[in-house]
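Biologist: Please bring up the model. I would like to go through a sheet, the cores and the ligand sites.

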Amino acid sequence: MTEQTQHTRKWPIILAAVFIAVGCAAWICQLTMGLLVGSGMSNTFAWGLMIAVFAFLVGFGAGSQFVASYIVLANRKDLMPYVKTAQAVALAGAIGAGVAILIDLGHPAHIMAMITGPNPTSALTWDMIALTVFIVIAIINVIAIARNSKALKFWMVLGLISAFALQLVEGLLFALMEARVWWHSFIMPVDFIVVAVVCGLAIAVIACALKKDEFKPEALHDLSFLLAVAIIVHLVLAVIELAIVCFGGSAADGGALAAIGSVWLFYALELGLPLAAVFVLLLGKKDPAKSMLIGGVLTVVGMFFHRLMLLYPAFASPTLYVPLSNVASPSWPLPASTGLYNHTGNAFEIAQGYIPNFVEWVSMLLPLGVALAVFLVVIWFVAKVGKPAAEASGTQDIIEAKETVEVSEPADDPEVVEVKEALVEQERGEGR
Amino acid sequence: MRYAMAIDLDRCIGCRTCAVICKDHNAEPRGIWWNRVFSPGAPEYGTSVIVDGAPRMEFVPISCQHCENAPCQQVCPTGATYTDDTGTVLVDYEKCIGCRYCITACPYEVRQFNWSKPDGVEGVDGEYRWGYPEDYRQDGHLVYTPVRPEGVVEKCTFCAQYTNQGGIPACCTGCPANARIFGDIEDPESEISQYMSGREWLVLGESFGTKPKVYYLPSTRGEGE
Ligand code: SF4
Ligand code: SF4
């Protein structure tokens with residue numbers, strides 16, 4: 001390994017460690033100072049940045065599981081080298097999301113109450129069960145990949161089902177809230193599944209573009225095309241979601257629209273960035289890898305705004321509208337107690353905006369750092385455990401996939417020589 | 001037995017005594033209000049709103065509606081929010097993990113979160129405390145404590161510490177206009193059943209299907225104009 005490779009292998013570890021340390025410090029601040037000064041939330045805007053991060057990470061987790069399962073079950077040998085990365089992102093995203101939810105709790109010391117007496121009618125209970133099952137199956141899949149297990153296909157089917165269930169429950173967690181018009185529609189669970197596919201493919205597109213030499217151009221093209229299609233489906237669902245509120249006609253629908261208007265830039269970015277990604281992915285033929293990189297990054301950033309926009313129209317708008325009792329009149333929202341009197345002096349507000357404060361932004365680094373650390377551990381583990389198994393069997397799919405790349409081109413083709421060298425170098429690196 | 005409350009909008013004068021006495025008797029930390037009174041549509045509190053060319057003013061006190069079909073209870077992952085034998089919806093402070101899912105589920109925006117450590121009010125003796133002075137447990141659940149734990153949710157309990165001992169909620173005792181009537185809605189002889197007998201009533205947010213047990217008797221002022 002060259003000195004430079006050693007450096008490139010070290011910086012993600014350092015980054016993960018710094019993220020975890022700094023994020024932990026911010027969380028401790030929140031625990032000791034309280035969320036009044038440790039966040040920008042209020043009684044009316046009761047879920048903030050950490051819930052957006054939770055949904056963001058869980059989307060990448062489930063989505064990458066979709067991609068990993070697809071590659072194995074559809075026997076896409078041309079994409080097989082990406083499987084272990086996809087599975088690592090799946091596990092990392094889910095564990096990072098679990099950490100985000102834990103950090104968000106106001107009184108984590110009572111967490112045992114959830115284990116000793118879970119309420120079966122709560123979607124949050126089912127969410128925790130779905131997340132735990134997903135993580136367990138993802139761990140088994142990591143081991144199955146590393147050991148080139150014969151049962152890999154079976155576990156990948158379970159992985160697919162668990163990812164689907166996780167996103168469904170996730171969507172229902174929001175959609176069942178009748179009080180929030182922005183969430184209360186059948187679109188929410190469907191879109192949660194589609195957004196996970198978008199996220200999983202976006203990461204796949206970025207990762208494969210970065211290692212373009214390991215894949216045939218057709219495989220890369222397929223990934224780009226699949227991502228573009230998934231984004232289009234998501235955008236159609238987003239437009240239907242908006243139409244439901246636009247044509248809902250109730251005062252609460254009007255409130256949600258006004259809330260969207262107050263953060264129109266976020267909404268524009270939520271829709272505009274993935275749309276731009278579609279054009280880049282489909283039209284950027286000159287340098288496909290570069291287009292994939294740009295399209296993937298635009299999508300990931302767009303999905304972050306999408307997750308933030310889960311919150312604004314739902315919380316920055318009142319839920320209850322009251323008319324006069326004895327005469328036909330319009331309905332008006334009643335101010336609610338913000339809980340912020342000690343902080344801002346505002347006791348009651350009709351609707352409360354939300355700007356995540358500095359501590360919240362920094363605490364976001366903890367789940368992201370944990371996700372990165374899990375990712376690195378999985379990659380290391382697969383390389384460590386996988387190498388002897390691969391050598392012993394000599395038949396594993398991932399090796400076969402690499403051979404496919406090799407035999408599909410004339411041996412003296414300089415590009416193939418480059419690919420071979422890259423693979424050899426990668427295997428050497430993984431073995432260490 | 002089903003505890004319920006009737007609020008007579010003809011009697012309410014919007015003095016907000018109920019909100020203040022509630023805060024006092026239940027030792028609500030600063031910034032936390034279980035009970036609030038507002039005038040729908042009015043740009044400022046206690047001002048009128050023009051409807052069909054005529055000025056109108058109405059006061060709507062609002063606290064937990066003790067929904068029979070309570071979404072807050074349904075979503076609470078730990079069962080910290082539960083309904084007792086009297087139909088009162090309560091929160092066990094020792095089981096609440098502070099996930100705030102119940103806040104997102106309640107359409108009435110009455111749930112309050114302890115965003116910070118409660119900072120008591122200092123009196124002349126340097127130790128002034130207000131509110132019911134002791135913990136109150138119901139079947140082992142801690143449903144009232146004068147010094148709240150940080151990071152848990154709280155809301156109106158129909159003053160469980162009083163009603164379970166035969167009393168009535170502080171807001172009913174304190175209302176100078178006798179606009180609030182409390183009692184067992186299943187007992188035809190109770191004060192609330194007698195008061196509501198033969199009268200029209202409405203509930204807030206009916207479309208949510210929550211089946212509130214706080215009933216509003218519509219105002220008759222201005223009728224027949
Ligand atoms: S008013 Fe809100 S807090 Fe009270 S029972 Fe109904 S949903 Fe729960
Ligand atoms: S904040 Fe507390 S009472 Fe509310 S749903 Fe969560 S655990 Fe239950």
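Biologist: In what order do the strands of the open sheet in chain B lie?

Modeller: This is a predicted model. The open sheet has 3 strands, and its pairing is mixed. The twist averages 20° from one strand to the next. The order is β12-β1-β13 (chain B).

Biologist: Which strands are at the edge?

Modeller: An edge strand here pairs on one side only. In chain B, that applies to β12 and β13.

Biologist: Which strand pairs with β1(B) in the antiparallel sense, and over how many bridges?

Modeller: Strands of a sheet pair through backbone hydrogen bonds, either parallel or antiparallel. β13(B), residues 214–217, runs parallel to β1(B), with 4 bridges joining them. There, D8(B) has L217(B) as its bridge partner. On the antiparallel side, A6(B) is matched with I181(B) and A4(B) with G183(B); this strand is β12(B), with 5 bridges.

Biologist: Is β1(B) largely enclosed or open?

Modeller: Count its buried residues, meaning those under 20% relative accessible area. The strand spans residues 3–8, and 6 of the 6 are buried. Therefore the rest of the structure leaves β1(B) largely enclosed.

Biologist: Which residues of β1(B) point the other way from Y3(B), M5(B) and I7(B)?

Modeller: In a regular strand the side chains alternate between the two faces of the sheet. Y3(B), M5(B) and I7(B) point one way, and residues on both sides are buried. The other way point A4(B), A6(B) and D8(B).

Biologist: Which helix gives the largest share of the largest nonpolar core?

Modeller: That core has 175 residues. W47(A), F174(A), W183(A) and Y101(B) have the most contacts inside it. The largest share is 17 residues, and it comes from helix α3 of chain A, residues 49–73.

Biologist: Which chain B residues are in contact with W47(A)?

Modeller: Set aside neighbours within four places in sequence. In chain A, the contacts of W47(A) include F174(A), W183(A) and F315(A). From chain B come C99(B), R100(B), Y101(B) and T104(B).

Biologist: How many residues are in the core that lies apart?

Modeller: Its members include W130(B), V143(B), Y144(B) and A170(B). The count is 13 residues.

Biologist: Which residues come nearest to ligand 1?

Modeller: There are 13 residues around ligand 1. By class, they are 9 nonpolar, 2 polar and 2 charged. Those that come nearest are C64(B), Q65(B), C67(B), C72(B) and C106(B).

Biologist: How many residues around ligand 2 are nonpolar, polar and charged?

Modeller: The shell of ligand 2 includes C76(B), C96(B), C99(B) and C102(B). R100(B) and R111(B) are also in it. The division is 7 nonpolar, 3 polar and 2 charged.

Definitions and conventions. Residues are numbered from 1 along each chain as its sequence is written. Chains are lettered from A and ligands numbered from 1 in the order in which they are written. This is a predicted model: local features need pLDDT of at least 70, side-chain atom pairs count only at pLDDT 80 or more; totals for chains, interfaces and linings use all residues. Side-chain values use heavy atoms; hydrogens and water are left out. A residue is near a molecule or strand if one of its heavy atoms lies within 4 Å of it. Ala, Val, Leu, Ile, Met, Phe, Trp, Tyr, Cys and Pro count as nonpolar, Asp, Glu, Lys and Arg as charged, and the others, Gly among them, as polar. Buried means under 20% relative accessible area, exposed over 50%, partly exposed in between (1.4 Å probe, protein chains only). Helices (H or I, at least four residues) and strands (E, at least two) are DSSP runs, numbered from the N terminus. Two strands pair if DSSP finds at least two bridges between them. Axes are lines fitted to C-alpha atoms, for helices over the stretch in contact, and angles run from 0 to 180 degrees between N-to-C directions. A nonpolar core is a set of buried Ala, Val, Leu, Ile, Met, Phe, Trp, Tyr and Cys residues joined through side-chain atoms within 4.5 Å. Contact means heavy atoms within 4.5 Å.
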